[in-house]
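Student: I would like to go through this structure term by term, setting each value against its cut-off. Could we begin once the sequence and the model are in view?

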Amino acid sequence: MIKLVCPECRRENEAERIYCHDCGARLDRTALAKIAPKGEDAKETQKRLRTMLDPQRAKIRHLFFKTSKVILGALATAAIIQMILPPDMPPRPKTGDFPPQITLDMENALLNHSAAPLQYTEAQVNAYLGSALKSKQTALSKLLQFERAIVKFDENVCAITAERSLFGFSLFTTTSSKVSLQNGTLSTTNNGGSIGRLPVHPMLMKYADPLFSDLWTALDRERKAISKMGSIESGSQAVVLTPKS
Ligand SMILES: [Zn+2]
């Protein structure tokens, strides 16, 4: 119940009164107008509710965007963590191991018109790449220190992972392709890749090409030698290069 306090004698009067019950002083009824009466009409109620709800709506909107931002931020962080995490990589080949001279083997086969297929295991190719790329460090990307390239062979699929370091921190990029050799043309069809442990859709991999361009340039001699072969076939953890007969 709202009471009107008399400005003269401080008596609490009923809301209906105009003059004080005790001293007859005129009561200040403007205090009543500030407090909404119960029987207000619909229009006033709507107006009042709108002003009441508007900041509420704004608050909800604010909360929604804040939550969305947190979720997006978490997703981006999760993606970055996946990008930073190293994929499963074979151990670095022991230094001192003499790797097979794959390119030389191919060039010799071509010179000697040998038709004997050349078969290499993943480990052999990786040991070869390790030594072949060591001498090409300067040709490889300078911003990121090139560390190594690792291949993985599977049925008709060849994946190559480049490890680069930035301030001593390793970053891995992988591209996976179907490799085919037809009439002296070596062609690849990308079927995906990854940055660290984050998988990258084949549709997006074409934009990742600059990440590998230095590697392809460094492996120019190898690519040319392969192009002169009759066929290339990859199986589980091995590759077979058959010279033209
Ligand atoms: Zn009074």
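Tutor: Let us start with the word donor: donors are N, O and S atoms within 2.8 Å of the metal (3.2 Å for Na, K and Ca), and water is not among the atoms, so sites may look incomplete. Before we apply this, note that the model is predicted, that local features need pLDDT of at least 70, and that side-chain atom pairs count only at pLDDT 80 or more, whereas totals for chains, interfaces and linings use all residues. Residues are numbered from 1 along each chain as its sequence is written, and side-chain values use heavy atoms, with hydrogens and water left out.

Student: Which residues are the protein donors of the zinc ion, and what distances support calling them that?

Tutor: The donors are the SG atoms of C6, C9, C20 and C23, which lie 2.2 to 2.4 Å from the zinc ion; the cut-off is 2.8 Å, so these sulfur atoms count as donors. Along the sequence, the donor residues follow the spacing C-x2-C-x10-C-x2-C. Within this set, C6 and C20 link distant parts of the chain, 14 residues apart, with C6 in the loop between β1 (3-5) and β2 (12-14) and C20 in the loop between β2 and α1 (30-34). The element names rest on DSSP runs numbered from the N terminus, where helices are H or I runs of at least four residues and strands are E runs of at least two.

Student: Why is the arrangement around the zinc ion called tetrahedral?

Tutor: Four donors count as tetrahedral if all angles lie between 85 and 135 degrees. The 4 donor atoms here subtend angles of 103 to 121°, and therefore the arrangement is tetrahedral. For comparison, the ideal angle for four tetrahedral donors is 109.5 degrees.

Student: How do you know whether C6 and C20 are buried or exposed?

Tutor: Buried means under 20% relative accessible area, exposed means over 50%, and partly exposed lies in between (1.4 Å probe, protein chains only). C6 has 0% relative accessibility and therefore counts as buried, and C20, with a relative accessible area of 6%, is buried as well. H21, in the loop between β2 and α1, has a relative accessible area of 46% and is therefore partly exposed.

Student: What makes R11 and D22 a salt bridge?

Tutor: A salt bridge requires a side-chain nitrogen of Lys or Arg within 4 Å of a carboxyl oxygen of Asp or Glu. The closest N and O atoms of R11 and D22 are 3.5 Å apart, and the pair is listed as a salt bridge. This pair links distant parts of the chain, 11 residues apart, since R11 is in the loop between β1 and β2 and D22 is in the loop between β2 and α1. R11 is partly exposed, because its relative accessible area is 26%, whereas D22, at 52%, is exposed.

Student: How many salt bridges does the structure hold, and what part do D220 and K224 play?

Tutor: The structure holds 8 salt bridges. The side chains of K224 and D220 meet in one of them, at 3.1 Å from N to O; being 4 residues apart in helix α7 (residues 220-227), K224 and D220 are separated by about one helical turn. D220, R223 and K224 are linked in a network of salt bridges, and D220, at 30% relative accessibility, counts as partly exposed.

Student: Why are β9 and β10 said to pair?

Tutor: Two strands pair if DSSP finds at least two bridges between them. Strand β9 (residues 231-235) and strand β10 (residues 238-242) run antiparallel and are joined by 5 bridges, so the criterion is met. S231 has T242 as its bridge partner in β10, and the two strands form a hairpin with 2 residues between them, where Q237 in the turn has a positive phi of about 60°.

Student: How many bridges join β5 to β6?

Tutor: Strand β5 (residues 157-166) and strand β6 (residues 169-182) run antiparallel and are joined by 10 bridges, with A159 partnered by S176 in β6. These strands form a hairpin with 2 residues between them, and F167 in the turn has a positive phi of about 50°. β6 also pairs with strand β7 (residues 185-195) in the antiparallel sense, over 9 bridges.

Methods. Tetrahedral: all angles 85-135°; square planar, octahedral: opposite > 155°, others 65-115°.
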